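This report examines how the chains of one assembly meet one another. Please view the structure below before reading on.

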Amino acid sequence: MSSRFWEASPGRTFVGRVSTGADLVQEIEAFCAERDIRAAWVSVVGALQHSAFAYYDQAAKSYVENSSDEHHELSAFVGNISMREGRPFLHAHATFSSRVGETVGGHLLPGCKVWVGEVTIREMTGVELERTPDEVTGLALW
Amino acid sequence: MSSRFWEASPGRTFVGRVSTGADLVQEIEAFCAERDIRAAWVSVVGALQHSAFAYYDQAAKSYVENSSDEHHELSAFVGNISMREGRPFLHAHATFSSRVGETVGGHLLPGCKVWVGEVTIREMTGVELERTPDEVTGLALW
Amino acid sequence: MSSRFWEASPGRTFVGRVSTGADLVQEIEAFCAERDIRAAWVSVVGALQHSAFAYYDQAAKSYVENSSDEHHELSAFVGNISMREGRPFLHAHATFSSRVGETVGGHLLPGCKVWVGEVTIREMTGVELERTPDEVTGLALW
């Protein structure tokens with residue numbers, strides 16, 4: 001399959017703050033479900049009390065899960081919203097930094113406990129991004 | 001307090017370059033003050049001559065400051081503009097990479113001396129993001 | 001030279017997926033050339049089979065090239081499109097994370113082989129971002 005691009009229309013813009021102690025991924029997904037945001041670009045400036053993230057083993061086609069109980073700054077975040085099994089799904093990758101600045105990173109999992117989470121969501125309309133099984137990677141992709 | 005989200009309207013879009021030798025945070029904040037940008041999403045592609053960044057100690061509720069005189073690529077950047085004490089305030093986190101690719105990261109402080117700083121600013125209007133003291137975290141949040 | 005900012009108009013929005021095995025930088029640039037996207041902000045959520053990235057030696061004014069054959073998550077990505085030698089040029093920096101979450105990062109080079117690459121492109125119109133030689137840094141800047 002070759003690369004595919006679609007033109008979208010700019011939709012609504014949301015800005016918000018995930019409450020201290022809440023689950024970063026679940027909270028963003030719940031808001032998107034509530035407001036029927038089906039495709040979006042998402043960014044977060046924040047810090048976590050607990051981090052849960054994964055690495056996809058491309059040979060084994062399975063995720064390896066990592067986590068950290070250290071308090072971290074979110075020193076990077078890239079994310080998008082698309083539909084998976086009928087619900088808005090947040091696909092986000094992030095980098096986490098420590099007291100001395102050391103970083104780890106990966107694919108964000110549910111279970112990231114927020115300290116501060118300042119979120120921007122830019123909706124895209126006019127496209128249908130539906131995750132379905134992709135044989136080549138073993139992932140759910142559009 | 002539970003998570004809160006607001007719908008914003010897309011405002012102006014700015015693109016620019018912070019001059020070599022200038023202070024990354026101060027320069028973006030000064031531009032936002034000059035153009036009355038009170039809420040925005042900010043991104044930077046660039047490199048630094050000197051890096052100043054912090055880690056928030058969630059237990060002590062105080063910042064630990066780090067810095068580096070090594071020249072760094074900015075290998076990640078997430079940021080937003082909101083109002084603090086009546087002026088536009090840049091809240092940004094970043095990751096810095098070295099000659100061999102090693103990374104450190106954290107909360108950007110004034111004092112980051114720019115080598116190259118290519119900036120995109122997307123204003124949001126119709127929302128009032130005012131930082132006020134938050135008891136739970138000890139930070140200034142909206 | 002002091003910092004310079006320009007106001008742009010929001011242009012088209014594109015979302016897409018770079019095919020598995022393709023070159024991340026070349027594929028985004030080829031799409032921008034095809035659709036005449038001359039200025040844009042670009043974000044990617046994805047993973048790579050091979051990573052090629054660089055560090056700019058500010059004293060020597062030359063790039064040091066790094067690469068990794070390890071499979072990586074893209075744990076951060078910031079990028080923009082402007083014109084260089086008459087063609088759309090992707091300037092992007094990224095952070096790459098390993099199986100245990102360890103990160104490296106830098107200036108993205110052609111040669112990054114995609115595993116998954118979910119791309120958002122926000123065009124900016126009404127500005128002409130043309131890269132020309134900059135004496136101070138030795139780079140091609142606008």
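## Arrangement of the chains

In this predicted model, a turn of 120° and a shift of 0.0 Å along the axis lay chain C on chain A with an RMSD of 0.0 Å, the copies being superposed by least squares on the C-alpha atoms of residues with pLDDT of at least 70 in both. The two copies are therefore related as by a three-fold rotation axis. Within chain C, Ala76(C) has the C-alpha nearest the axis, at 3.2 Å from it. The copies use different surfaces, since 12% of the contact residues of chain C recur in chain A; contact means heavy atoms within 4.5 Å.

Residues are numbered from 1 along each chain as its sequence is written, while chains are lettered from A and ligands numbered from 1 in the order in which they are written. Local features need pLDDT of at least 70, side-chain atom pairs count only at pLDDT 80 or more, and totals for chains, interfaces and linings use all residues, with side-chain values resting on heavy atoms and leaving out hydrogens and water.

## Chain C against chain B

The contact joins 42 residues of chain C to 41 residues of chain B. About 3600 Å² is buried between chain C and chain B, 58% of it on carbon and sulfur atoms; buried area is the accessible area (1.4 Å probe) that two parts lose on being put together, summed over both. Phe5(C), Tyr55(C) and Gln58(C) supply 24% of the area that chain C buries against chain B, more than any other three residues.

Between chain C and chain B there are 4 salt bridges, each a side-chain nitrogen of Lys or Arg within 4 Å of a carboxyl oxygen of Asp or Glu. The side of chain C that touches chain B comprises 22 nonpolar, 14 polar and 6 charged residues. In this division Ala, Val, Leu, Ile, Met, Phe, Trp, Tyr, Cys and Pro count as nonpolar, Asp, Glu, Lys and Arg as charged, and the others, Gly among them, as polar.

## Chain C against chain A

Here 41 residues from chain C meet 42 residues from chain A. The area buried between chain C and chain A is about 3600 Å², with 58% given by carbon and sulfur atoms. On the chain C side, Val15(C), Arg17(C) and Arg99(C) lose the most area to chain A, together 22% of what that side buries.

Chain C and chain A are linked by 4 salt bridges. The side of chain C that touches chain A divides into 17 nonpolar, 16 polar and 8 charged residues.

One salt bridge from each interface is listed below.

| Interface | Salt bridge | N to O distance |
|---|---|---|
| Chain C and chain B | Arg99(B) with Asp57(C) | 2.6 Å |
| Chain C and chain A | Glu7(A) with Arg35(C) | 3.4 Å |

## Strand pairing across the interfaces

Helices (H or I, at least four residues) and strands (E, at least two) are DSSP runs, numbered from the N terminus, and two strands pair if DSSP finds at least two bridges between them. Strand β1 (residues 4–18) of chain B pairs with β1(C) in the antiparallel sense over 5 bridges. In that pairing, Phe14(B) has Glu7(C) as its bridge partner in β1(C).

Strand β1 (residues 4–18) of chain A also runs antiparallel to β1(C), joined to it by 5 bridges. Trp6(A) stands opposite Val15(C) in β1(C), and Val15(C) is one of the three residues of chain C that lose the most area to chain A.
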